[in-house]
Amino acid sequence: MSRSGPFFAAALSLALVLPGSLALAGSDPEAPPEDPAKYAEELQGYVPGASALEGRIMAPCCWTQTIDIHGSELANDLRREIRKRLKSGETSDVIEASLVGRYGPRILAVPPGSPLKTIATLLALGMGGAGAAAFVMLKRWRERALVPATGPTPDTGKNDAQLDARLDAELDALDD
């Protein structure tokens, strides 16, 4: 077998290139860690303020969901970045401002000046008022049900014979 054949050249180049490419792949700082539990903890572990901020940021890959529920790799990267920055001591307002600077105001789920916050507040107040009104109405109905009926009680034994005769007559008329 000759060392100058195409198979030998391909094997030699693979032997020389493969270790270098593996070393480069292992040095990627954004690559997920080897331990899946640690990787999951980066995205799901408790970081104060992270879930609130993630709920206010849209996923820039499709602009349809916030990053707290979106499953794309870009959304996961932003979640990791937010959590790292919050752990390092940055405030959520600074992080939000830097994301707006990077992606524009479209990154915000509720843009500034949107009437959505006012509408939500009015709806919450309306629902609270409706609940209070229902409580008062149910309380009144219950009080009325507990009060004994006043007034004369009907005498049921007095007209039984007349009612029976009338009912018989009506039934006979229907049979004819």
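# Salt bridges and helix H5

Me: In this predicted model, how far apart along helix H4 do Arg85 and Glu81 lie?
Reply: Both residues belong to helix H4, and about one turn of the helix lies between them. Residues three or four places apart on an α-helix point the same way, because a turn takes 3.6 residues. The side chains of Arg85 and Glu81 meet in a salt bridge at 3.0 Å, N to O. Their spacing in the helix is four residues.

Me: Does Arg85 count as buried or exposed?
Reply: The cut-off for burial is under 20% relative accessible area. Its partner Glu81, with 21%, is partly exposed. Arg85 has 16% relative accessibility and therefore counts as buried.

Me: Which residues are linked with Glu81 and Arg85 in a network of salt bridges?
Reply: The structure holds nine salt bridges, and the Arg85 to Glu81 pair is one of the contacts whose side chains meet in this way. The network that links Glu81 and Arg85 also takes in Glu90 and Arg102.

Me: Which residue of the pair Asp77 and Arg80 counts as buried?
Reply: The two side chains meet in a salt bridge of 2.7 Å, N to O. The residues are three apart in helix H4, so about one helical turn separates them. Asp77, at 29% relative accessibility, is partly exposed. At 7%, the residue that counts as buried is Arg80.

Me: What is the relative accessibility of Arg166?
Reply: Arg166 and Glu170 are four residues apart in helix H7 (residues 160-175), about one helical turn. Their side chains meet in a salt bridge of 3.4 Å, N to O. Glu170 is partly exposed at 44%. Exposed means over 50%, and Arg166 counts as exposed with a relative accessibility of 55%.

Me: What distance separates the end C-alpha atoms of helix H5?
Reply: Helix H5 has 12 residues (92-103). At 1.5 Å a residue, the expected span is 16 Å. The model agrees with this expectation, since the end C-alpha atoms are apart by 16 Å.

Me: Which helices do the buried residues of H5 pack against?
Reply: Ile95, Glu96 and Leu99 are buried in H5. Viewed down the helix axis, these buried residues fall within an arc of 100°, so they line one face. Asp93 and Gly101, on the other side of H5, are exposed. The buried residues pack against helix H3 (50-54) and helix H4 (73-87).

Me: Which residue just after H5 takes a positive phi?
Reply: Helix H5 covers residues 92-103. Just after H5, a positive phi of about 95° is taken by Gly104.

Key. Residues are numbered from 1 along each chain as its sequence is written. This is a predicted model: local features need pLDDT of at least 70, side-chain atom pairs count only at pLDDT 80 or more; totals for chains, interfaces and linings use all residues. Side-chain values use heavy atoms; hydrogens and water are left out. Helices (H or I, at least four residues) and strands (E, at least two) are DSSP runs, numbered from the N terminus. The expected span of a helix is 1.5 Å times one less than its number of residues. Buried means under 20% relative accessible area, exposed over 50%, partly exposed in between (1.4 Å probe, protein chains only). The arc is that of the directions from the helix axis to the C-beta atoms. Contact means heavy atoms within 4.5 Å. A salt bridge is a side-chain nitrogen of Lys or Arg within 4 Å of a carboxyl oxygen of Asp or Glu.
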